[in-house]
Amino acid sequence: MEKNAKIYVAGGQTLLGAAILRQLTQQGYENVIGFLGTEPELTNATVVDRFFDRERPEYVFVAAGKSGGIRANQKYPAELMLDNLLIECNIIPSAHRYGVKKLLYLGSSCSYPKHCSQPMQVESLLTGVLETTNEAYAIAKIAGMKLCQAYHQQYGSKFISGIPANYFGPEDDFSLEDSHVIPALINKMHEAKVTESELVEIWGTGKPRREFLFADDLADGCIFVMNNYDQPEPINIGGGLDISIKELAVLIKEIVGYSGELRFDPTKPDGMPLKALDSEQLISMGWQSKTPFRQALFMTYQGFLQK
Ligand code: GFB
């Protein structure tokens with residue numbers, strides 16, 4: 001991307017969208033749109049089409065679409081699926097219609113089969129059943145990646161897809177019920193510390209493993225992929241560190257400074273048993289995440305405290 005290219009970040013108010021906007025600005029891109037308050041209603045096809053006709057962006061990052069943790073996916077499968085389907089079915093055709101040079105669509109690691117060989121490789125997509133807790137959302141994200149590939153095949157559009165590891169950061173959703181595990185545990189353990197509660201409940205067995213990536217590192221990876229990857233096949237964007245939920249909880253306990261007990265509740269869902277990405281392709285192209293995990297957790301806790 002040229003530094004004066006017109007770049008649109010769809011979903012600028014999401015954790016990832018905000019990080020991409022921040023990274024683009026820091027990396028000297030001077031013609032970026034999508035900042036808070038300037039975004040059209042992306043579920044409305046007419047509004048999206050008018051926006052693309054008026055703005056004519058050259059590059060588009062699709063970081064939009066509602067998402068949530070395991071509980072949110074169990075409670076709101078229709079809302080999560082529909083929002084993501086509408087947004088991708090509005091943005092991708094309009095991007096083609098108005099001559100977008102290149103579009104990067106961000107999928108989700110839950111699009112891989114539940115019992116996928118680890119670390120997960122893009123060849124494994126659609127080779128097995130999905131994790132039931134997030135199947136609806138996962139199919140919407142798979143559809144977005146497939147739509148990009150279809151535009152590439154039919155029109156030669158440079159519409160590519162990235163599959164991020166689970167990501168987190170200071171601007172995360174820290175709600176207790178609908179958020180992802182890192183912000184949820186930070187919130188829970190902070191509350192337990194200040195109220196001197198004796199124990200904190202961790203959902204599930206603590207045995208599942210997840211690969212985590214700091215939002216600003218993921219955003220940097222997205223810009224690297226936009227600048228260096230042109231294949232229609234999705235590419236994994238991961239940081240290479242996978243950790244069990246139990247190890248994660250102990251780490252967050254240390255960072256928050258909570259001294260009580262952690263109790264695992266096996267009646268709550270574990271979700272996918274393992275979720276680690278094979279990011280070898282991206283790493284061999286010269287990218288790697290920069291922020292050490294403990295430092296990323298500390299910065300995320302600071303973000304929580306500021307809220
Ligand atoms: O982050 P999380 O909600 O999403 O859960 P997934 C990760 C693991 O942490 C699960 C456990 O095994 C949870 O049971 N966990 C323990 C907790 N305590 C908590 C807690 O207090 N809150 C939460 N949220 N989890 C999501 C998909 O799966 O991954 C989304 O549902 C999306 O669609 C996202 O793909 C990236 O990693 O299990």
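Strands here are DSSP runs of at least two residues, numbered from the N terminus. The model is predicted.

**Exercise 1. Place Lys 6 in the chain and decide whether Lys 6 is buried or exposed.**

Solution.
1. Lys 6 belongs to the segment that precedes β1, the strand of residues 7–10.
2. The relative accessible area of Lys 6 is 19%.
3. Buried means under 20% relative accessible area, so Lys 6 is buried.

**Exercise 2. Determine which side chain makes a polar contact with the side chain of Lys 6, and which residues surround Lys 6.**

Solution.
1. The polar partner is Glu 55, whose side chain is 2.8 Å from that of Lys 6.
2. Neighbours within four places in sequence are set aside; Lys 6 then has contacts with Asn 31, Ile 33, Glu 55, Arg 56, Pro 57, Glu 58 and Tyr 59.

**Exercise 3. Give the strand order of the open sheet of six strands and explain why β2 and β9 stand at the edges.**

Solution.
1. The order reads β2-β1-β3-β4-β5-β9, and the pairing is parallel.
2. Strands β2 (32–33) and β9 (235–237) each have a single partner strand, so one side of each lacks a neighbour in the sheet.
3. Within the sheet, β1 pairs with β3 (residues 59–62) in the parallel sense through four bridges.
4. In this pairing, Ala 10 is opposite Val 62 of β3.

**Exercise 4. Identify the strands that helix α4 touches, and test its length against the expected span.**

Solution.
1. Helix α4 (residues 77–97) packs on the sheet and touches β1, β3, β4 (102–106) and β5 (159–164).
2. The directions of α4 and β4 make an angle of about 165°.
3. The expected span is 1.5 Å times one less than the number of residues; for the 21 residues of α4 this gives 30 Å.
4. The end C-alpha atoms of α4 are 30 Å apart, so the model agrees with the expectation.
5. Buried residues of α4 include Leu 80, Ile 87, Ile 91 and Ile 92, and also the polar residues Asp 83, Asn 84 and Glu 88.
6. Just after the helix, Gly 99 adopts a positive phi of about 70°.

**Exercise 5. Find which residues come nearest to the ligand and which backbone atoms lie close to its nitrogen atoms.**

Solution.
1. Of the 23 residues around the ligand, the nearest are Ile 70, Ser 108, Arg 210, Pro 269 and Asp 270.
2. For Ile 70, a polar backbone atom is 2.7 Å from an oxygen atom of the ligand.
3. A polar backbone atom of Ser 179 is 2.9 Å from a ligand nitrogen atom.
4. For Trp 203, a backbone N or O atom lies 3.0 Å from a nitrogen atom of the ligand.

How values were computed: Residues numbered from 1 in each chain as written. Predicted model: local features only at pLDDT ≥ 70, side-chain atom pairs only at ≥ 80, totals over all residues. Heavy atoms only, no water. Buried < 20%, exposed > 50% of the residue type's maximum accessible area, 1.4 Å probe, protein only. Polar contact = N/O pair within 3.5 Å; in protein donor to acceptor, adjacent residues only side chain to side chain. Contact = heavy atoms within 4.5 Å. Pairing = 2+ DSSP bridges. Axes fitted to C-alpha atoms, helices over the stretch in contact; angles between N-to-C directions. Near = heavy atom within 4 Å.
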